Amino acid sequence: SIFALTKWGLNYGIDFAGGTSIELQPNASTTVTSVENVKEVLEGAFPEAVVRAYGEENFLINTHELDAVGQVAARAKIAKVLPTYEVSRLDTIGPVLGEELKSKSVTSIVLVLLAIVLFIAFAFRQVSRPVSSWKYGFAAIVALLHDVIIPMGFFAAMAHFFGGYEVDALFVTALLVVLGFSVHDTIVVFDRVRENLNHDKDKSAGHFDQVVGRSVSETFIRSINTSLTTVLALVAVYFWGPETTRNFSLVLIVGIIAGTYSSIFIGSALLVTMAGKKSK
C-alpha cells in the first residue's frame, strides 16, 4: 500500500481536485436505453471524464472545471450524442474549495486518532503494569494507521490499473467508519487483557505475553464473527446496491478486513513487544 501511494498516488475526485459535475436524467417523453449503452456513449463523448451511473436511470459526468463557454459546449454535446437525456444539475467546485476540503478531511482523521489515544489512556489508567496505559493507546494508533493505509493503497492501485476509483468525501467517511469499527475491535481485545491482568496476581512483564495470548484466544472467534457478518452485508451492497455506494462499500470491506487483522496480530503483539523492551 505504501508503494502504491508513493508510486501512483490517489485519484482525487472533484471534491478534492476541483472540477465540474454534470448530472443527466432521461427525458420524460422518451424511452430510456440500457445503462451500458448510455455509459459507452458518454465515455466516448467525454474521454477525459469519469462517467458513472447515479440512481436507477441518471448519470454523473465528472470532468475538469468548465467555464461558462465550456458548460454551454458540454450541454450541446450531450444534446447531440444523447438526445434522450437532459442536464438536470451542473455543479462546479474550484481548486481552492477542493484543497480546503482535503485539509479538513486530514484534520478530522488526525483529531479522531488523537481522541482515541486520550480515551484509551484514560480507560486503561488502572492497568499500568507492565505496560503504561498510554502505550495501549499507542498500540491502537499503530493498528489504526495500518487500517487507513491499506484501503488507501488499495484504491491507489485500483485507480492505476483499472481507473475510475476516485477518492471523494464519501471515501473519507468510509475511512472514519473503518477507524471506529477497528478501534472497537481492538478495545475488546485490550479490555480482555485488562480483565485478565486484574484477575491475575502475577503482573510481571515475563508473564504478560501469556496473558495477552490468552486474551487474544478468548476474543478471537468474537472478532472474526463480528467482522465476517459485517463484510457479508457489505458484499451484498457492493454487488447489488447502487453504483454510487459501490466504492464506499469497497473501502469498508477492505478496511474492516485489515482492521480485524490488526486488532489480533498488530495491536496485541505490539503490547508484548513494548513490555519486553521495558523489562530489558
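Which residues have the most contacts inside the largest nonpolar core? Keep that in mind while we set up the view; the model in your viewer is a predicted one.

**Stop 1: the whole chain**

Start with the protein chain in cartoon style. Its secondary structure comes to nine helices and four strands. Reading from the N terminus, the order of elements is α-α-β-α-β-β-α-β-α-α-α-α-α. The radius of gyration is 24 Å, well over the 19 Å that the globule rule gives for 280 residues, so the chain is more spread out than a compact globule. If you align the view to the principal axes, the C-alpha atoms fill a box of roughly 80 × 35 × 30 Å.

Now switch on the surface. About 14400 Å² of the protein chain is accessible, and carbon and sulfur atoms account for 63% of that. Of the 280 residues, 42% count as buried. For a contact map, take the contacts between residues at least 6 apart in sequence: 77% of these join residues at least 24 apart. Colouring by charge is worth a moment too, as the mean positions of the 22 positive and 25 negative charges lie 14 Å apart.

**Stop 2: the largest nonpolar core**

Back to the opening question. Select Ile-120, Tyr-136, Leu-144, Tyr-165, Phe-190, Phe-208 and Leu-271: these have the most contacts inside the largest nonpolar core, which has 50 residues. Next, show the elements that give two or more residues to this core: helix 5 (95–123), helix 6 (133–161), helix 7, helix 8 (205–240) and helix 9 (246–279). Apart from this core lies another, of 17 residues, with Leu-42, Ala-53, Phe-59 and Ile-78 among them.

**Stop 3: along helix 7**

Zoom in on Phe-190 and display what surrounds it. Beyond its neighbours within four places in sequence, Phe-190 is in contact with Phe-124, Tyr-136, Ala-139, Ala-140, Gly-267, Ser-268 and Leu-271.

Move on to Thr-186, which sits in helix 7. Is Thr-186 buried or exposed? With a relative accessible area of 1%, Thr-186 falls under the 20% cut-off and is therefore buried. Not counting residues up to four places away in sequence, Thr-186 touches Ala-140 and Ser-263.

Then pick Arg-192, also placed in helix 7 (residues 169–198). Its relative accessibility is 27%, so Arg-192 counts as partly exposed. Leaving aside neighbours within four places in sequence, the contacts of Arg-192 are Ser-215, Glu-218 and Thr-219. For a distance label, draw a line from Arg-192 to Thr-244: the two are 52 residues apart in sequence, and their C-alpha atoms are 39 Å apart in space.

**Stop 4: Ser-133 and helix 6**

Select Ser-133, which lies in helix 6. Its relative accessibility is 16%, so Ser-133 counts as buried. Measure across to Ile-14 with the distance tool: the C-alpha atoms of Ser-133 and Ile-14 are separated by 42 Å, with their positions 119 residues apart along the chain.

**Stop 5: Ala-68 and helix 4**

Finish at Ala-68, whose place is in helix 4 (residues 68–81). What is the relative accessible area of Ala-68? The value is 57%, so Ala-68 is exposed. One last label to add runs from Ala-68 to Thr-229: these residues are 161 apart in sequence and 49 Å apart in space, C-alpha to C-alpha.

Conventions
Residues numbered from 1 in each chain as written. Predicted model: local features only at pLDDT ≥ 70, side-chain atom pairs only at ≥ 80, totals over all residues. Heavy atoms only, no water. Buried < 20%, exposed > 50% of the residue type's maximum accessible area, 1.4 Å probe, protein only. Contact = heavy atoms within 4.5 Å. Rg over C-alpha atoms; globule rule 2.2 N^0.38 Å. Areas by Shrake-Rupley, 256 points an atom, 1.4 Å probe, with all protein chains shown as cover. Lys, Arg positive; Asp, Glu negative; His and termini not counted. Charge placed at Lys NZ, Arg CZ, Asp CG, Glu CD. Core = buried A, V, L, I, M, F, W, Y, C linked by side-chain atoms within 4.5 Å.
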